[in-house]
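Me: Please take a close look at one part of this structure, namely how its helices pack against each other and what the nonpolar interior consists of. A connected account would be preferred to a list.

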Amino acid sequence: MKRLILLFALLLGAAGARAQEGYVPAPENLAARGQFAADRFGVFIHWGLYAQPGQGEWVMQQKNLDYREYARLANSFYPSKFDARAWVRAIKAGGARYITITSRHHDGFSLFRSAATPYNAVDGTPFGRDILAELAQACREEGIRLHFYYSHVDWGRTDYWPRGRTGHGTGRPDGKEGDWAHYQAFMKAQLTELLTQYGPVGAIWFDGLWDHDSQPREAQPGIWGLYDQYALIHRLQPGCLIGNNHHLDPFPGEDIQIFEKDVPGENEAGFSGTAGVSRLPLETCQTMNNSWGYNITDRRYKSADELVRYLVRTASKGANLLLNIGPRPDGTLPEEALARLEEMGKWLAVNGESIYGTQAGSIPEQPWGVTTQKENKLYLHLFRPQPELTLELPGKVRSAVLLADGTPVSFKQKKGTVTLTIPEPTAATPDRVVTLEFR
Ligand code: FHN
(Lines give C-alpha, C1' and ligand atoms only; values in the text may rest on other atoms or scores of the structure.)
Protein backbone atom coordinates (compact mmCIF):
# COMPACT_ATOMS: atom_id res chain seq x y z
CA MET A 1 0.00 0.00 0.00
CA LYS A 2 2.74 2.45 1.05
CA ARG A 3 4.70 1.60 -2.11
CA LEU A 4 1.71 2.28 -4.29
CA ILE A 5 1.15 5.64 -2.64
CA LEU A 6 4.83 6.49 -3.11
CA LEU A 7 4.63 5.65 -6.81
CA PHE A 8 1.43 7.68 -7.16
CA ALA A 9 3.04 10.55 -5.26
CA LEU A 10 6.09 10.52 -7.50
CA LEU A 11 3.93 10.60 -10.61
CA LEU A 12 1.73 13.38 -9.28
CA GLY A 13 4.77 15.25 -8.01
CA ALA A 14 6.45 15.07 -11.41
CA ALA A 15 3.35 16.38 -13.20
CA GLY A 16 2.89 19.13 -10.63
CA ALA A 17 6.57 20.04 -10.74
CA ARG A 18 6.33 20.63 -14.48
CA ALA A 19 3.39 22.95 -13.88
CA GLN A 20 5.25 24.70 -11.07
CA GLU A 21 8.49 25.08 -13.01
CA GLY A 22 6.67 27.82 -14.81
CA TYR A 23 5.70 29.50 -11.54
CA VAL A 24 6.03 33.20 -12.05
CA PRO A 25 5.15 35.15 -8.93
CA ALA A 26 2.43 37.73 -9.64
CA PRO A 27 3.35 41.42 -9.25
CA GLU A 28 1.27 41.45 -6.01
CA ASN A 29 3.33 38.52 -4.80
CA LEU A 30 6.64 40.22 -5.53
CA ALA A 31 5.42 43.34 -3.74
CA ALA A 32 4.32 41.21 -0.77
CA ARG A 33 7.76 39.56 -0.65
CA GLY A 34 9.36 43.00 -0.45
CA GLN A 35 6.96 44.08 2.28
CA PHE A 36 7.54 40.85 4.19
CA ALA A 37 11.30 41.28 4.12
CA ALA A 38 10.99 44.90 5.21
CA ASP A 39 8.78 43.90 8.17
CA ARG A 40 11.62 41.91 9.75
CA PHE A 41 9.70 41.06 12.95
CA GLY A 42 6.54 39.01 13.46
CA VAL A 43 4.88 37.24 16.38
CA PHE A 44 3.92 33.58 16.16
CA ILE A 45 0.87 32.38 18.11
CA HIS A 46 0.47 28.69 18.92
CA TRP A 47 -2.99 28.30 20.38
CA GLY A 48 -5.56 25.56 20.44
CA LEU A 49 -7.18 22.95 22.70
CA TYR A 50 -3.71 21.92 23.90
CA ALA A 51 -3.45 25.15 25.92
CA GLN A 52 -5.81 23.53 28.47
CA PRO A 53 -3.58 20.64 29.61
CA GLY A 54 -0.75 23.21 29.49
CA GLN A 55 1.97 20.82 28.34
CA GLY A 56 2.68 22.19 24.88
CA GLU A 57 1.08 21.47 21.50
CA TRP A 58 2.57 17.96 21.20
CA VAL A 59 0.76 16.65 24.30
CA MET A 60 -1.55 14.42 22.26
CA GLN A 61 1.41 12.65 20.68
CA GLN A 62 3.67 12.66 23.70
CA LYS A 63 1.06 11.20 26.09
CA ASN A 64 -0.62 9.01 23.45
CA LEU A 65 -4.00 10.59 24.12
CA ASP A 66 -6.96 8.92 22.45
CA TYR A 67 -8.30 11.18 19.72
CA ARG A 68 -11.90 10.85 20.96
CA GLU A 69 -10.94 11.70 24.52
CA TYR A 70 -8.69 14.57 23.43
CA ALA A 71 -11.55 16.02 21.37
CA ARG A 72 -13.55 16.46 24.60
CA LEU A 73 -11.27 19.37 25.39
CA ALA A 74 -13.40 21.24 22.87
CA ASN A 75 -16.31 21.04 25.36
CA SER A 76 -14.36 23.16 27.81
CA PHE A 77 -12.83 25.55 25.28
CA TYR A 78 -14.08 28.82 26.73
CA PRO A 79 -11.27 31.41 26.73
CA SER A 80 -13.31 34.01 28.61
CA LYS A 81 -10.55 36.63 28.52
CA PHE A 82 -9.75 36.35 24.82
CA ASP A 83 -9.51 39.87 23.44
CA ALA A 84 -8.09 39.99 19.91
CA ARG A 85 -7.58 43.74 20.03
CA ALA A 86 -5.56 43.50 23.27
CA TRP A 87 -3.33 40.85 21.66
CA VAL A 88 -2.79 42.89 18.53
CA ARG A 89 -2.08 46.11 20.43
CA ALA A 90 0.50 44.42 22.65
CA ILE A 91 2.15 42.76 19.67
CA LYS A 92 2.20 45.98 17.69
CA ALA A 93 3.64 47.91 20.64
CA GLY A 94 6.34 45.24 20.75
CA GLY A 95 7.41 46.37 17.28
CA ALA A 96 6.14 43.32 15.39
CA ARG A 97 4.60 43.99 12.00
CA TYR A 98 2.73 40.76 11.46
CA ILE A 99 1.14 37.86 13.33
CA THR A 100 1.22 34.20 12.30
CA ILE A 101 -1.40 32.12 14.12
CA THR A 102 -2.03 28.37 14.13
CA SER A 103 -5.32 28.07 12.25
CA ARG A 104 -5.08 24.30 12.80
CA HIS A 105 -2.21 22.44 14.44
CA HIS A 106 -1.34 18.72 14.41
CA ASP A 107 -4.15 17.91 16.89
CA GLY A 108 -6.57 18.75 14.07
CA PHE A 109 -8.68 21.35 15.89
CA SER A 110 -9.49 24.45 13.81
CA LEU A 111 -9.56 27.87 15.43
CA PHE A 112 -11.94 29.09 12.72
CA ARG A 113 -15.42 28.42 11.36
CA SER A 114 -15.09 25.55 8.92
CA ALA A 115 -17.74 23.81 6.88
CA ALA A 116 -15.18 21.06 6.28
CA THR A 117 -15.27 19.85 9.91
CA PRO A 118 -17.41 20.59 12.98
CA TYR A 119 -14.23 20.22 15.08
CA ASN A 120 -13.70 23.95 15.17
CA ALA A 121 -13.92 26.87 17.59
CA VAL A 122 -17.32 28.04 16.34
CA ASP A 123 -19.28 24.82 15.87
CA GLY A 124 -17.51 22.53 18.31
CA THR A 125 -17.06 24.57 21.49
CA PRO A 126 -19.23 26.45 24.01
CA PHE A 127 -17.22 29.57 23.13
CA GLY A 128 -18.69 29.60 19.65
CA ARG A 129 -16.55 32.46 18.37
CA ASP A 130 -14.33 32.55 15.30
CA ILE A 131 -10.88 33.35 16.70
CA LEU A 132 -9.42 34.08 13.27
CA ALA A 133 -12.28 36.40 12.30
CA GLU A 134 -11.81 38.45 15.47
CA LEU A 135 -8.07 38.53 15.02
CA ALA A 136 -8.39 39.49 11.35
CA GLN A 137 -10.63 42.41 12.24
CA ALA A 138 -8.31 43.62 15.03
CA CYS A 139 -5.31 43.33 12.68
CA ARG A 140 -7.13 45.36 10.02
CA GLU A 141 -7.99 48.06 12.55
CA GLU A 142 -4.45 48.20 13.92
CA GLY A 143 -2.77 47.98 10.51
CA ILE A 144 -0.81 44.78 11.11
CA ARG A 145 -0.59 41.85 8.69
CA LEU A 146 -2.04 38.41 9.45
CA HIS A 147 -0.55 35.06 8.39
CA PHE A 148 -2.00 31.59 8.93
CA TYR A 149 -0.08 28.52 10.05
CA TYR A 150 -1.64 25.34 8.62
CA SER A 151 -0.64 21.81 9.66
CA HIS A 152 -0.28 19.10 7.07
CA VAL A 153 -0.12 16.46 9.81
CA ASP A 154 -3.29 15.43 11.63
CA TRP A 155 -3.26 13.18 14.70
CA GLY A 156 -7.03 12.96 15.05
CA ARG A 157 -8.49 12.33 11.60
CA THR A 158 -9.14 8.76 10.60
CA ASP A 159 -8.71 9.55 6.89
CA TYR A 160 -5.06 10.56 7.54
CA TRP A 161 -3.66 7.30 6.23
CA PRO A 162 -1.03 6.02 5.72
CA ARG A 163 0.37 7.42 8.96
CA GLY A 164 3.72 9.14 8.95
CA ARG A 165 6.19 8.87 11.78
CA THR A 166 3.91 10.48 14.39
CA GLY A 167 0.34 10.03 15.65
CA HIS A 168 0.45 6.26 16.08
CA GLY A 169 -0.72 6.24 19.70
CA THR A 170 -3.93 8.24 19.39
CA GLY A 171 -6.25 5.25 19.06
CA ARG A 172 -7.26 5.55 15.39
CA PRO A 173 -8.17 2.35 13.54
CA ASP A 174 -5.17 1.42 11.42
CA GLY A 175 -6.06 2.07 7.83
CA LYS A 176 -9.67 0.93 8.00
CA GLU A 177 -11.14 4.36 7.45
CA GLY A 178 -8.02 5.77 5.84
CA ASP A 179 -8.56 7.79 2.71
CA TRP A 180 -5.69 10.01 1.67
CA ALA A 181 -7.58 11.55 -1.25
CA HIS A 182 -10.38 12.52 1.15
CA TYR A 183 -7.84 14.08 3.50
CA GLN A 184 -6.32 16.09 0.66
CA ALA A 185 -9.76 17.33 -0.39
CA PHE A 186 -10.41 18.34 3.23
CA MET A 187 -7.21 20.40 3.34
CA LYS A 188 -8.08 22.14 0.08
CA ALA A 189 -11.54 22.96 1.38
CA GLN A 190 -10.05 24.49 4.53
CA LEU A 191 -7.40 26.42 2.62
CA THR A 192 -10.16 27.85 0.45
CA GLU A 193 -11.97 28.97 3.60
CA LEU A 194 -8.85 30.59 5.01
CA LEU A 195 -8.23 32.46 1.78
CA THR A 196 -11.83 33.64 1.32
CA GLN A 197 -13.20 34.32 4.81
CA TYR A 198 -10.67 36.66 6.38
CA GLY A 199 -9.65 39.29 3.83
CA PRO A 200 -6.05 39.57 2.64
CA VAL A 201 -3.85 36.86 4.12
CA GLY A 202 -0.16 37.74 4.32
CA ALA A 203 1.08 34.15 4.17
CA ILE A 204 0.17 30.51 4.57
CA TRP A 205 2.76 28.78 6.75
CA PHE A 206 2.70 25.02 6.24
CA ASP A 207 4.13 22.58 8.74
CA GLY A 208 4.36 18.81 9.10
CA LEU A 209 5.69 17.58 5.77
CA TRP A 210 8.47 15.94 7.79
CA ASP A 211 5.89 13.42 9.04
CA HIS A 212 6.51 11.47 5.83
CA ASP A 213 10.23 12.11 5.60
CA SER A 214 10.90 8.38 5.33
CA GLN A 215 10.01 9.06 1.67
CA PRO A 216 12.46 10.90 -0.61
CA ARG A 217 12.33 14.65 -1.12
CA GLU A 218 11.09 14.26 -4.72
CA ALA A 219 8.04 12.34 -3.47
CA GLN A 220 6.92 15.03 -1.02
CA PRO A 221 5.04 17.36 -3.42
CA GLY A 222 3.03 14.40 -4.70
CA ILE A 223 2.34 12.94 -1.26
CA TRP A 224 0.94 16.19 0.08
CA GLY A 225 -0.54 17.62 -3.08
CA LEU A 226 1.68 20.65 -2.54
CA TYR A 227 1.54 22.02 -6.05
CA ASP A 228 -2.24 21.83 -6.10
CA GLN A 229 -2.40 23.62 -2.78
CA TYR A 230 0.10 26.24 -3.87
CA ALA A 231 -1.76 26.89 -7.13
CA LEU A 232 -5.04 27.20 -5.23
CA ILE A 233 -3.61 29.71 -2.77
CA HIS A 234 -2.00 31.83 -5.47
CA ARG A 235 -5.18 31.74 -7.54
CA LEU A 236 -7.35 32.88 -4.62
CA GLN A 237 -4.87 35.49 -3.39
CA PRO A 238 -1.88 36.08 -5.67
CA GLY A 239 -0.27 38.28 -3.04
CA CYS A 240 -0.42 35.59 -0.35
CA LEU A 241 3.07 34.23 0.35
CA ILE A 242 3.64 30.52 0.79
CA GLY A 243 6.17 29.16 3.26
CA ASN A 244 6.67 25.55 4.30
CA ASN A 245 8.57 24.51 7.40
CA HIS A 246 9.80 21.29 5.83
CA HIS A 247 13.47 21.85 6.72
CA LEU A 248 14.43 21.20 3.06
CA ASP A 249 15.42 23.41 0.15
CA PRO A 250 12.34 25.32 -1.08
CA PHE A 251 10.01 23.69 -3.61
CA PRO A 252 8.76 25.61 -6.66
CA GLY A 253 5.79 27.77 -5.75
CA GLU A 254 7.12 28.71 -2.30
CA ASP A 255 7.68 32.43 -1.75
CA ILE A 256 9.61 32.47 1.52
CA GLN A 257 12.07 30.08 3.16
CA ILE A 258 11.57 29.12 6.80
CA PHE A 259 14.22 28.13 9.35
CA GLU A 260 13.10 26.59 12.62
CA LYS A 261 15.06 27.77 15.65
CA ASP A 262 18.01 28.50 13.39
CA VAL A 263 19.49 31.71 12.15
CA PRO A 264 19.89 30.96 8.40
CA GLY A 265 23.12 29.16 7.68
CA GLU A 266 23.81 28.06 11.27
CA ASN A 267 21.81 24.86 11.91
CA GLU A 268 22.17 25.45 15.64
CA ALA A 269 19.02 23.51 16.51
CA GLY A 270 19.77 20.79 13.98
CA PHE A 271 16.56 21.20 11.95
CA SER A 272 18.17 22.82 8.93
CA GLY A 273 20.66 20.06 8.13
CA THR A 274 20.12 19.65 4.42
CA ALA A 275 18.65 23.06 3.64
CA GLY A 276 20.78 25.68 1.96
CA VAL A 277 19.99 29.38 2.18
CA SER A 278 17.95 30.35 -0.87
CA ARG A 279 17.43 33.76 -2.47
CA LEU A 280 13.83 33.89 -1.22
CA PRO A 281 12.92 36.13 1.71
CA LEU A 282 13.97 34.28 4.87
CA GLU A 283 12.28 33.77 8.20
CA THR A 284 13.55 32.23 11.44
CA CYS A 285 10.94 31.10 13.96
CA GLN A 286 11.95 30.87 17.59
CA THR A 287 10.37 30.30 21.01
CA MET A 288 10.50 32.84 23.88
CA ASN A 289 10.85 30.04 26.42
CA ASN A 290 11.31 26.46 25.21
CA SER A 291 7.71 25.74 24.15
CA TRP A 292 5.45 26.70 21.26
CA GLY A 293 2.05 25.94 22.81
CA TYR A 294 1.30 27.07 26.39
CA ASN A 295 3.40 25.08 28.84
CA ILE A 296 2.55 25.74 32.45
CA THR A 297 5.90 24.53 33.81
CA ASP A 298 8.19 26.14 31.25
CA ARG A 299 9.71 29.20 32.91
CA ARG A 300 12.93 29.12 30.92
CA TYR A 301 12.27 32.40 29.15
CA LYS A 302 15.07 34.05 27.25
CA SER A 303 15.72 37.53 28.60
CA ALA A 304 14.49 40.59 26.69
CA ASP A 305 18.12 41.49 25.97
CA GLU A 306 18.77 38.05 24.46
CA LEU A 307 15.66 38.35 22.33
CA VAL A 308 16.62 41.80 21.04
CA ARG A 309 20.05 40.44 20.08
CA TYR A 310 18.44 37.41 18.41
CA LEU A 311 16.25 39.70 16.34
CA VAL A 312 19.29 41.75 15.38
CA ARG A 313 21.31 38.63 14.48
CA THR A 314 18.51 37.33 12.23
CA ALA A 315 18.26 40.76 10.57
CA SER A 316 22.04 40.74 10.07
CA LYS A 317 21.60 37.54 8.03
CA GLY A 318 18.83 39.16 5.99
CA ALA A 319 16.07 37.20 7.75
CA ASN A 320 12.88 37.96 9.66
CA LEU A 321 12.31 36.79 13.22
CA LEU A 322 8.97 35.12 13.99
CA LEU A 323 8.93 35.04 17.78
CA ASN A 324 6.46 32.72 19.45
CA ILE A 325 3.94 33.21 22.25
CA GLY A 326 1.67 30.44 23.60
CA PRO A 327 -1.50 32.04 25.01
CA ARG A 328 -3.09 30.58 28.14
CA PRO A 329 -6.37 28.62 28.08
CA ASP A 330 -8.25 31.72 29.29
CA GLY A 331 -7.10 33.62 26.20
CA THR A 332 -4.51 35.85 27.87
CA LEU A 333 -0.89 36.21 26.80
CA PRO A 334 1.51 35.23 29.62
CA GLU A 335 2.91 38.22 31.52
CA GLU A 336 6.45 36.99 30.89
CA ALA A 337 5.83 37.23 27.16
CA LEU A 338 4.16 40.63 27.44
CA ALA A 339 7.05 42.01 29.47
CA ARG A 340 9.56 40.85 26.86
CA LEU A 341 7.50 42.25 24.01
CA GLU A 342 7.33 45.59 25.78
CA GLU A 343 11.11 45.72 26.18
CA MET A 344 11.65 44.79 22.54
CA GLY A 345 9.18 47.49 21.53
CA LYS A 346 11.10 50.09 23.52
CA TRP A 347 14.37 49.15 21.88
CA LEU A 348 12.80 49.10 18.41
CA ALA A 349 11.10 52.47 18.93
CA VAL A 350 14.58 53.98 19.17
CA ASN A 351 16.60 51.67 16.94
CA GLY A 352 14.02 50.33 14.47
CA GLU A 353 15.66 52.18 11.58
CA SER A 354 18.53 49.67 11.79
CA ILE A 355 16.14 46.68 11.52
CA TYR A 356 13.06 47.42 9.40
CA GLY A 357 13.70 47.57 5.69
CA THR A 358 17.35 46.59 6.05
CA GLN A 359 19.43 43.92 4.36
CA ALA A 360 22.10 41.57 5.68
CA GLY A 361 25.17 43.55 6.70
CA SER A 362 28.26 43.50 4.49
CA ILE A 363 30.49 42.71 7.49
CA PRO A 364 29.93 39.18 8.80
CA GLU A 365 29.39 38.49 12.52
CA GLN A 366 32.28 39.75 14.68
CA PRO A 367 33.23 39.29 18.35
CA TRP A 368 31.75 42.74 18.99
CA GLY A 369 28.43 42.19 17.19
CA VAL A 370 26.83 42.28 13.74
CA THR A 371 25.85 44.66 10.93
CA THR A 372 22.78 45.53 8.88
CA GLN A 373 22.54 48.01 6.01
CA LYS A 374 20.13 50.16 4.06
CA GLU A 375 20.82 52.49 1.12
CA ASN A 376 24.03 54.38 1.94
CA LYS A 377 24.03 53.46 5.64
CA LEU A 378 25.78 50.68 7.50
CA TYR A 379 24.55 49.94 11.02
CA LEU A 380 27.08 48.55 13.48
CA HIS A 381 25.30 46.65 16.25
CA LEU A 382 27.56 46.61 19.28
CA PHE A 383 26.48 43.83 21.62
CA ARG A 384 29.19 44.70 24.11
CA PRO A 385 30.86 48.05 24.96
CA GLN A 386 33.58 48.85 22.49
CA PRO A 387 35.67 51.99 23.15
CA GLU A 388 37.45 51.75 19.81
CA LEU A 389 36.75 49.84 16.63
CA THR A 390 38.79 49.50 13.44
CA LEU A 391 37.00 48.23 10.34
CA GLU A 392 38.10 47.56 6.81
CA LEU A 393 35.68 49.53 4.68
CA PRO A 394 36.23 50.50 1.05
CA GLY A 395 33.71 53.39 0.86
CA LYS A 396 34.19 56.95 2.09
CA VAL A 397 32.44 57.53 5.42
CA ARG A 398 30.60 60.85 5.56
CA SER A 399 29.35 60.65 9.16
CA ALA A 400 29.19 58.36 12.18
CA VAL A 401 26.61 58.79 14.95
CA LEU A 402 24.93 56.82 17.71
CA LEU A 403 21.52 55.93 16.29
CA ALA A 404 19.78 56.28 19.67
CA ASP A 405 20.43 59.99 20.14
CA GLY A 406 22.51 61.26 17.26
CA THR A 407 25.69 61.71 19.35
CA PRO A 408 28.59 62.07 16.91
CA VAL A 409 31.17 59.29 16.91
CA SER A 410 34.64 60.49 15.98
CA PHE A 411 36.41 58.57 13.26
CA LYS A 412 39.57 58.53 11.22
CA GLN A 413 39.71 56.99 7.78
CA LYS A 414 42.75 56.03 5.76
CA LYS A 415 43.57 53.42 3.12
CA GLY A 416 40.34 51.50 3.35
CA THR A 417 40.14 51.37 7.15
CA VAL A 418 38.00 53.37 9.53
CA THR A 419 38.79 53.72 13.23
CA LEU A 420 35.93 54.79 15.44
CA THR A 421 36.19 56.14 18.98
CA ILE A 422 32.92 55.34 20.65
CA PRO A 423 31.65 57.40 23.59
CA GLU A 424 31.19 55.50 26.83
CA PRO A 425 27.65 54.18 27.32
CA THR A 426 25.54 56.09 29.82
CA ALA A 427 22.79 53.47 30.14
CA ALA A 428 22.55 49.71 29.69
CA THR A 429 21.26 48.48 26.32
CA PRO A 430 21.28 45.04 24.65
CA ASP A 431 22.63 46.54 21.43
CA ARG A 432 24.15 49.98 20.85
CA VAL A 433 23.87 50.98 17.22
CA VAL A 434 26.35 53.19 15.37
CA THR A 435 25.18 54.50 12.01
CA LEU A 436 27.83 55.01 9.37
CA GLU A 437 26.72 57.08 6.43
CA PHE A 438 28.68 56.78 3.21
CA ARG A 439 29.15 59.34 0.48
O1 FHN B 1 5.69 20.16 15.26
C2 FHN B 1 5.73 21.53 15.05
C3 FHN B 1 5.79 22.27 16.36
O4 FHN B 1 4.72 21.93 17.15
C5 FHN B 1 5.78 23.74 16.07
O6 FHN B 1 4.59 24.13 15.42
C7 FHN B 1 6.97 24.10 15.21
C8 FHN B 1 7.07 25.53 14.82
O9 FHN B 1 8.12 25.69 13.94
N10 FHN B 1 6.99 23.31 13.97
C11 FHN B 1 6.85 21.88 14.11
C12 FHN B 1 8.13 21.20 14.32
O13 FHN B 1 8.93 21.31 13.19
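Reply: The account below takes the helix packing in turn and then the nonpolar cores. The model is a predicted one.

Helix 7, residues 180–197, and helix 9, residues 226–236, have axes that come within 10 Å and cross at roughly 20°. Angles under 35 degrees count as roughly parallel, and helix 7 and helix 9 are therefore roughly parallel to each other. The crossing of helix 7 past helix 9 is right-handed. On the side of helix 7, the contact involves Met187, Lys188, Leu191, Thr192, Leu195 and Thr196, which meet Asp228, Gln229, Leu232, Ile233 and Leu236 of helix 9. Six of these contact residues are nonpolar, three are polar and two are charged.

A second pair is formed by helix 10 (residues 304–316) and helix 11 (residues 335–351), whose axes come within 9 Å and cross at roughly 55°. Helix 10 and helix 11 are therefore oblique to each other, and helix 10 passes helix 11 in a right-handed crossing. Here Ala304, Leu307, Val308, Leu311 and Val312 of helix 10 meet Arg340, Glu343, Met344, Trp347 and Leu348 of helix 11. This contact comprises eight nonpolar residues, no polar ones and two charged ones.

As to the interior, the largest nonpolar core has 92 residues, of which Ile45, Ile101 and Ile204 touch the most other members. Helix 7 supplies the largest share of this core, seven residues. Apart from the largest core lies another, of 18 residues, including Leu382, Leu389, Ile422 and Leu436. Leaving aside residues up to four places away in sequence, Ile45 touches Trp87, Ile91, Ile99, Thr100, Ile101, Thr102, Asn324, Ile325, Pro327 and Leu333.

Definitions and conventions:
Residues numbered from 1 in each chain as written. Predicted model: local features only at pLDDT ≥ 70, side-chain atom pairs only at ≥ 80, totals over all residues. Heavy atoms only, no water. Axes fitted to C-alpha atoms, helices over the stretch in contact; angles between N-to-C directions. Helix = DSSP H or I, 4+ residues; strand = E, 2+ residues; numbered from the N terminus. Parallel < 35°, antiparallel > 145°, perpendicular 65-115°, else oblique. Left-handed = near helix turned anticlockwise from the far one by under 90°. Contact = heavy atoms within 4.5 Å. Nonpolar A, V, L, I, M, F, W, Y, C, P; charged D, E, K, R; others polar. Core = buried A, V, L, I, M, F, W, Y, C linked by side-chain atoms within 4.5 Å. Buried < 20%, exposed > 50% of the residue type's maximum accessible area, 1.4 Å probe, protein only.
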